[in-house]
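Trainee: I should be grateful for a close account of one part of this model, including its surroundings and the backbone that follows it.

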Amino acid sequence: MKVMNVALLSKWHVHAVDYAREAMENEAITIKTVWDENEERGTQWAEELGVSYEADLQNVLDDSNIDGVIVTTATNRHKEVIIAAANHGKHIFTEKVLAFTVKECEEILEAVDRNNVQLMVNLPRLTESFYLYAQQALDKGLLGDLTYIRCRVAHNGSVPSEENPKGWLPPHFYNKEECGGGALIDLGAHPIYLTNRLGGKVKAVSGKLNEFYNLGVDDNAVVMVEYDSGAMGMIETGFLSYGSPQQLELYGTEGTLMVEGQDVRIKSKHLGREDWVKPELPNPLSSNMGQWVEAIEKGLGPVVTRDDILNLTAINEAAAISSQEGRRVALSELTFEQKI
């Protein structure tokens, strides 16, 4: 097995530490260096990891010994940093979302294609057992025609406490210029990409992004979705909910599937009984980082597709427009060079 040398690009995101830990635990990855736009933060992180710190990003990208980069910069720097990495032949693993607009995503993907590198945007719930079973149930027709889907992922990151007057999220998560938004573009990514997969092609959205605590970005959001199939959906997220479990509900003409946390139950005309059934769940897939390595080493196709990446940004972009302008937004209003 060839070991891939990677550079960590910024500790801005809260998941940067998790990705560094996962990389260190993967025998196919060796962390060689850290770059961070904040030198103090970067040098401290490099010391903690026992690797070098490089203050100049260009030097990192020029280093022929670096095979890949893990990008956890502020989202508004994704386009610049990821395209630069691709142009230097580096494989890229990054945090969702890829970029603020579909147009920016397409520019990044064009650079990735031109340089023949592997890009992975971490969408972790697509590897989990509850989602894999939900997809199987739909594909097998256990629910009949899907008519409605609801997904909620929320936490209490913005709820004030004596210890944290603005909640436990880092203050820069309320910087709209860096983040592009608040709860929806961050935590809301999970219900967006899950419902995109399960609900099918989206026709239009109507979104409401609310600022309950007036922190400068949305801390509570709801998006109503219209699908090409005629089904409807609701995406819910927020930084204001104590004890809120992940919820996924699929309603069809011949069955209903309910997920709360990792608890899954189904009621279907096709299961030979009237009451709820707790199905046997499939094994989870390897992590997105593991799949990134396998795609580079063996050419295996990762579970996260370009449709997933583009559609995630598209729903965010359309929902933000809808909330700002107070109207329904058709996805056809967005420019897609790569039709999805």
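Mentor: Helix H6 passes helix H8 in a right-handed crossing, that is, the near helix is turned clockwise from the far one by less than a right angle. The model is predicted, so local features need pLDDT of at least 70 and side-chain atom pairs pLDDT 80 or more, whereas totals for chains, interfaces and linings use all residues. Residues are numbered from 1 along each chain as its sequence is written, and side-chain values use heavy atoms, without hydrogens and water.

H6 spans residues 129-139, and H8 spans 189-199; helices are DSSP runs (H or I, at least four residues) and strands are E runs of at least two, numbered from the N terminus. The axes of H6 and H8 lie 10 Å apart and meet at an angle of about 20° (lines fitted to C-alpha atoms over the stretch in contact, angles from 0 to 180 degrees between N-to-C directions). H6 is therefore roughly parallel to H8 (under 35 degrees).

On the H6 side, the contact (heavy atoms within 4.5 Å) is made by Phe 130, Tyr 131, Ala 134, Gln 135 and Leu 138. H8 contributes Leu 194, Arg 197 and Leu 198. Six of these residues are nonpolar, one is polar and one is charged. Residues three or four places apart in an α-helix point the same way, because there are 3.6 residues a turn.

H6 is mostly covered, with nine of its eleven residues buried (under 20% relative accessible area, 1.4 Å probe, protein chains only; exposed is over 50%). Ser 129, Leu 132, Tyr 133 and Ala 137 are among the buried residues, as are Phe 130, Tyr 131, Ala 134, Gln 135 and Leu 138. Besides H8, the cover includes strand E7 (146-154), strand E11 (247-252), strand E12 (255-260) and strand E13 (263-268).

Just after H6, the backbone at Gly 141 adopts a positive phi of about 80°. Most residues other than glycine have a negative phi. Two residues other than glycine also have positive values: Ser 10, near 85°, and Asn 214, near 50°. Ser 10, in the loop between strand E1 (4-9) and helix H1 (16-25), is buried at 0% relative accessibility. Asn 214, in the loop between strand E8 (202-210) and strand E9 (220-227), is exposed at 63%.

Methods
Angles under 35 degrees count as roughly parallel, over 145 as roughly antiparallel, 65 to 115 as roughly perpendicular and the rest as oblique. Ala, Val, Leu, Ile, Met, Phe, Trp, Tyr, Cys and Pro count as nonpolar, Asp, Glu, Lys and Arg as charged, and the others, Gly among them, as polar.
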